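Open the model in your viewer and keep the sequence panel beside it. We will go from stop to stop, selecting a few residues each time.

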Amino acid sequence: MNNFEQSKLSRCFARVPGLLLLGMVLGLVALGGCDSSANEDDGRLTVVATTTMIADLARQIAGDDARVEGIMRTGEDPHIYDVTPRAAEMIRSADLVLMNGLHLEATLGEIIANSAGDLSVALAEQDGIVPLTGGSGLSVAPDPHCWMDVNQFRLYAEKARDALIAADPAHAEGYRKRAEAYIAELVELDKWVREQFDTVPKAQRVIVTSHDAFAYFGRAYEIEVHGVIGISTEQEPTPQHIEALQKLVSERGVRALFLETSVSNTLNQIVQSVAGRSGASIGGTLYSDSLGDAGSGADTYIGMIRQNTTTIVKALKGGLNQ
């Protein structure tokens, strides 16, 4: 019996009062599971992913061999995600939970630790990724936005592949082949992003965003990045920081500032205010902590990175979205 099968049995037994255990065992033999609906348990590995980026990654590698469920919907902010009973049940019923880690999931991360334990895998927490930090003094914290560097997201894919194989070795070959194909796409994506920014003089590669989610993107592709607030959208912008940001935009001649899809209107309004007072323009809207809706062009990780890159490059070269 593999880890997947053992975890399904142990979870089933944990939900059942002792007097019903014998009957439940017989039921498991007949039905092959303990979920209340056949639609919810078709015999495949059940993988739960926290963010929309990780859900997309998991689907690319799992194919039809596993059932992938995403907790967060497009546009939801993982920093301040309000855990629902549905999310808690998804985690409790999962055979494998794929999460970002580095405290991105906040309260949701605590529930995963308590309910999923060893069945959870934090993709950003691995030897190949050295986190940047955000904050100051005693508040320094690891920056969880590692997926913004395509090469680091490739490491996410490798760790997710290994987690799927460990949980469901019967389908190992399928997971390996799909991961190999997806990683090849990520290698090409990274090359394409570099080629796009090569068309922008380095002196012009300065961007301002609603929150500091693009530091890894900036480090990977040689862009200077500034945010209205730090790495967490729970933070409050200070008047002093906003004033300093406005001064930087004016003195450096920053060509464009960017809004984000998954942050509060307040943060985006501050970006618009800084742009207005400094004479800069809004260069467009970027996807940071969430993919876009279906049909947006940013409804996959690869699509999101392509769309962000195209928006930033266009703005930095002077083709602004007014």
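Begin with the whole chain: of the 322 residues of the protein, 50% count as buried. Please keep in mind that this is a predicted model. Colour by secondary structure and you should find 11 helices and 10 strands. Among contacts between residues at least 6 apart in sequence, 65% join residues at least 24 apart.

**Stop 1: two helices side by side**

Select residues 150–167, which make up helix H6, and residues 172–197, which make up helix H7. How do these two helices run relative to each other? Their axes are 9 Å apart and the packing angle is about 175°. Angles over 145 degrees count as roughly antiparallel, and H6 and H7 are therefore roughly antiparallel to each other.

Now show side chains where the helices meet. On the H6 side, pick residues including Phe 153, Ala 157, Arg 161 and Leu 164; on the H7 side, residues including Tyr 175, Ala 179, Ile 183 and Asp 190. The residues of this contact divide into 13 nonpolar, 1 polar and 6 charged.

**Stop 2: along H6**

Stay on helix H6 and select Gln 152. Is Gln 152 buried or exposed? Its relative accessibility is 6%, so Gln 152 counts as buried. Leaving aside neighbours within four places in sequence, Gln 152 is in contact with Gly 128, Ile 129, Val 130, Cys 146, Tyr 216 and Arg 219.

Then move to Ala 167, also found in helix H6. At 8% relative accessibility, Ala 167 counts as buried too. Add Asp 95 to the selection and draw a C-alpha to C-alpha distance: the two residues are 7.7 Å apart in space, although 72 residues apart in sequence.

**Stop 3: aromatic rings**

The model has 6 aromatic pairs. For one of them, display Phe 153 and Tyr 301, a stacked pair with 3.7 Å centre to centre and 20° between the planes. This pair links distant parts of the chain, with Phe 153 in helix H6 and Tyr 301 in helix H11 (residues 301–316), 148 residues apart. Phe 153 counts as buried at 0% relative accessibility, and Tyr 301 is buried with a relative accessible area of 0%.

Next, select Phe 214 and Phe 217. Their ring centres are 6.3 Å apart and their planes are at 90°, so this pair is edge-to-face. Phe 214 is buried, with a relative accessible area of 0%, and Phe 217 counts as buried at 1%. Add Phe 197 and Tyr 221 to see the cluster that these four aromatic residues form.

**Stop 4: a charge over a ring**

Which residue has its charged end over the ring of Trp 192? Select Arg 306: its charged end sits over that ring, 4.3 Å from the centre.

**Stop 5: an exposed residue**

Finish at Asn 114, which lies in helix H5 (residues 107–115). With a relative accessible area of 71%, Asn 114 is exposed. Now bring in Arg 92, which is 22 residues away from Asn 114 along the chain; their C-alpha atoms are separated by 9.2 Å.

Terms used
Residues numbered from 1 in each chain as written. Predicted model: local features only at pLDDT ≥ 70, side-chain atom pairs only at ≥ 80, totals over all residues. Heavy atoms only, no water. Axes fitted to C-alpha atoms, helices over the stretch in contact; angles between N-to-C directions. Helix = DSSP H or I, 4+ residues; strand = E, 2+ residues; numbered from the N terminus. Parallel < 35°, antiparallel > 145°, perpendicular 65-115°, else oblique. Contact = heavy atoms within 4.5 Å. Nonpolar A, V, L, I, M, F, W, Y, C, P; charged D, E, K, R; others polar. Phe/Tyr/Trp six-rings, centres within 6.5 Å; stacked < 30°, edge-to-face > 60°. Buried < 20%, exposed > 50% of the residue type's maximum accessible area, 1.4 Å probe, protein only. Lys NZ or Arg CZ within 6 Å of the ring centre and 35° of its normal.
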